[in-house]
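Thanks for sharing this one. Here are a few notes to read with the coordinates open beside you.

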Amino acid sequence: MRYIHYLQLVFLILIAPIVAVAQTTDSIPEVFDYSNPKDYEIGGLKVIGADFSDDNAILSIAGLQVGDKVRIPGPEIPKAIKALWKLRLFTNVQIVQEKIIGDVIFLEIIVQERPRLTQYTYRNIKKTYHDDLNEQVNKHILKGGIVTENVKVNAQKEIEKFFIDKGYLDASVNVEEQADSARINAVILVFDLDRGERIKIEDIQITGNEEVKDKPLLKQLKETKEKKRLFASSKFIKKEFDEDKKKLIAYYNKLGYRDARILGDSIWRNADGELVLQLKVKEGNQYYFRDIAWKGNSIYDSQTLTDVLGIKKGDVYNQELLQTRLQFSQDSRDVSSLYMDNGYLFFQVEPIEVAVAEDSIDLELRIFEGPQATIDNVGITGNDRTHEHVVRRELRTLPSEKFSRSDIIRSQREIVNLGYFNPETLNINTPVNPDRGTVDIDYIVEEKPSDQLELSAGWGGASRVIGTLGVAFNNFSLRNILNREAWHPLPQGDGQRLSLRAQTNGDFYQSYNMSFTEPWLGGRKANSFTVAAFYNRFAFGRRNTDDYQSFNIIQGSVSFGTRLKWPDDNFVATTAINIQTLNLNNWGRGLFRSDDGELVSEGSYNNFSIRQTFARSTVNDPIFPRDGSRISLTVQLTPPYSLFNGKDFSDASASEKFRYLEYHKWRFDAEWYTPVAGKLTLKTSAKLGILGYYNSEIGTSPFERFQVGGDGINNQQFGFAGVDIISSRGYEIDDFEANRDRSGGNSATPAFAKYTLELRYPISLNPSSTIYVHSFLQGANVWRELRDINPFDIKRSAGFGVRVFLPMFGVLGFDFGWGFDKALNTDGKRTDFNIVLGFEPE
């Protein structure tokens, strides 16, 4: 037995190494000797842990393939791990051996993916900011994307920057990462804001300025303002502060300080935590123009160019003014316009400072005139509804003619004034062919709605509802009226205007009118032709009773207008012939009275007149003009019947005196539009009217007079063609003493004057809804006797209002006016509220 135990022990000792080798080879990973690397062939690759990533893509990035030779230890495995780390998709990357068979190794790439974003939310941030913040955050975060520290930091910085730009300089954001229990390996990000207080600028200090005072310099800091400035938003934005510093230096340059610069700036917080800014400037010397010489000019002599330049020896050296007078000025008073209006499109001028001595600078203006350019092709695109000939006939730029910049500017204005295209998107391209010396001009337009629909109901006279239905087709096409294919919904595109309007509340009031205008009669010249007619009826009481009153007007008119060439082609002359019949039956409303106070209430009156208008318009946009002017002078004349028949009218009744109306009527209207700053525009206007007579025995006609006061709409809704209704914000008709006749009632007057200053700012210039706000100063008055006219004796008012222009409905808005010279009304106030509906009153 003892020998048997010995034999068993010897057997176990001999077989143990063999078993150990087998276990090492089959189940225990080999421990590699780093001092003795060994080459293996990759027999297999497996990716573990990639739930959202593509296995093949991971293998491709790792750069390992089955059959590749790798050395272990060696550079291939670390290189593969680094390549996968660079993706920033994983929080852990390992490459381990699965097994080894001889010199063949099987590897496993084990990765742990970063979490994916399912959503993000805000905390302590108002919902009004969410849309703006989402736009910024989405630059860095994608839902379903990988969440990395870099992603979180970038989103955090964007949110903080958003609020810092609003003046919250201490704003900070904490990013919380929460596990999304609804999805595997997904997170929700919460951006928690600590906004803090808005940090305002307590003080802006400017040092080093000896010649220019602080106040004008601080005004140049348009976006960086002290909190003490009235209506100023005080906040610090670095980008805007840098731009303001450039504006400050530009202001110095305008004053002749050519070498002015900012030496440095400092920013600190005071004891209250508010900002203090300090700018240190160095002004340098103030320079003046001395000798100005022209070189290279052959088309125009030096004196002509100097006159256009408008800068003389001894003027302050203003580089901005110099560039404006050389290159482009709003009034076209510049050297470049002089050349370019004569076809020299390739003209260039370069100012060179040839000498700087003490406080004076000599300039040499070097000119390259180049050849004249000829217009080759003129294209029009974007006119989907308007026919091309309607736009083309307004252009001043014609093929084969010399290039002219002023003609392009004028063409642009005429296109806008058609009213069919969006002025904000009108674009003009001028591709040049230098080899041929030609230029193409492409006008790119965008159609906008131009037709108007008026459909309304309101509470009117005689305590009844007044219904209104009106349409105005401003781009009508009469020649296509029989072409069914052209009805969309009506034939359009020829630039004609058709207007139809009806207004009634039954027997009490009825009004029907129509008009048609062809702006280019014959199609060759800008000769307009208009035909119009209307019928108005106004009545009180029951028919066939003693208290029945009625007033009827029937009128037809034909007018012809033509564009003049002298004094310039901005003038238009229009001649109109009007035939009107007015029938009054027991009309006791008091509106029409003779000079002696006699009420004109019975009879039939005939009004045949010729009206001549001379008008000049240079406005750039009919809806919201920002520059230019409109000026018109109108005289309306009737035949002087009484001077021909020799009849004595001294004792005649009103119905005999005015059976055939005779008068001469004068109207002067002027509007000027001046850009103030950006889109802020000043409108200045003056309106004057006088109604005169031929025969003193007859006196002033009771019709065709003027009535001033109110909103100018309530009276015009009844279409009184016999009176010009003039609005006066802040005053009603009763507030003007001359409107009250001898009997105490209201009647129209033969003379008026009205002046307005209006400051306008557009909220929206969208063609589908143009909105602007305005404040105004206004003065107006009326006079019953021509000898009493005093254009400086006016009733003053001030106020504010809003206008909304909707293409389909016209002008809507209101005015609130304060009458300085107004008697207290029944509410003990001097204010008046006016409504604007459908059109802008006079």
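1. Let's start with a pairing: how many bridges join S8 to strand S10, and do they run parallel or antiparallel? Six bridges link S8 with S10 (residues 275-282), and the two strands run parallel. If you would like to find the register by eye, Ile201 has Leu275 as its bridge partner in S10, and Ile204 is bridged to Leu277.

2. On the other pairing, S9 is joined to S10 by eight bridges, and here the strands run antiparallel. Arg261 makes a handy marker, with Lys282 as its bridge partner in S10. S9 and S10 form a hairpin with five residues between them. Do have a look at Gly273 in the turn, where phi is positive, at about 85°.

3. Put together, these three strands form an open sheet in the order S8-S10-S9, with mixed pairing. Strands S8 (201-207) and S9 (261-269) stand at the edges with a single partner strand each, so one side of each has no neighbour in the sheet. Neighbouring strands of this sheet are turned by 15° against each other on average, ignoring direction. As you inspect the side chains, keep in mind that in a regular strand they alternate between the two faces of the sheet.

4. If you are thinking about pockets, the second largest one holds about 920 Å³ of space. Its lining is made up of 30 residues, and those lying nearest the centre are Gln330, Ile409, Arg410, Gln412 and Asp627. Which helix gives the largest share of the lining of this second largest pocket? That is helix H12 (residues 405-417), which contributes nine residues. By residue class, the lining of the second largest pocket divides into 12 nonpolar, nine polar and nine charged residues.

5. A word on confidence, since this is a predicted model. The chain has a mean pLDDT of 85, and 91% of its residues reach 70 or more. Two stretches deserve a separate mention. Over residues 1-27 pLDDT stays under 50, and the model has two contacts beyond four places in sequence for them. Residues 714-719 also stay under 50 in pLDDT, but for this stretch the model has 19 contacts beyond four places in sequence.

Conventions
Residues numbered from 1 in each chain as written. Predicted model: local features only at pLDDT ≥ 70, side-chain atom pairs only at ≥ 80, totals over all residues. Heavy atoms only, no water. Pairing = 2+ DSSP bridges. Helix = DSSP H or I, 4+ residues; strand = E, 2+ residues; numbered from the N terminus. Axes fitted to C-alpha atoms, helices over the stretch in contact; angles between N-to-C directions. 1 Å grid on protein atoms, 1.4 Å probe; cavity = no way out; pocket = protein on both sides within 12 Å on 5 of 7 lines; lining within 4 Å. Points joined across faces, edges and corners; volume = space filled by probe spheres on them. Nonpolar A, V, L, I, M, F, W, Y, C, P; charged D, E, K, R; others polar. pLDDT = per-residue confidence, 0-100. Contact = heavy atoms within 4.5 Å.
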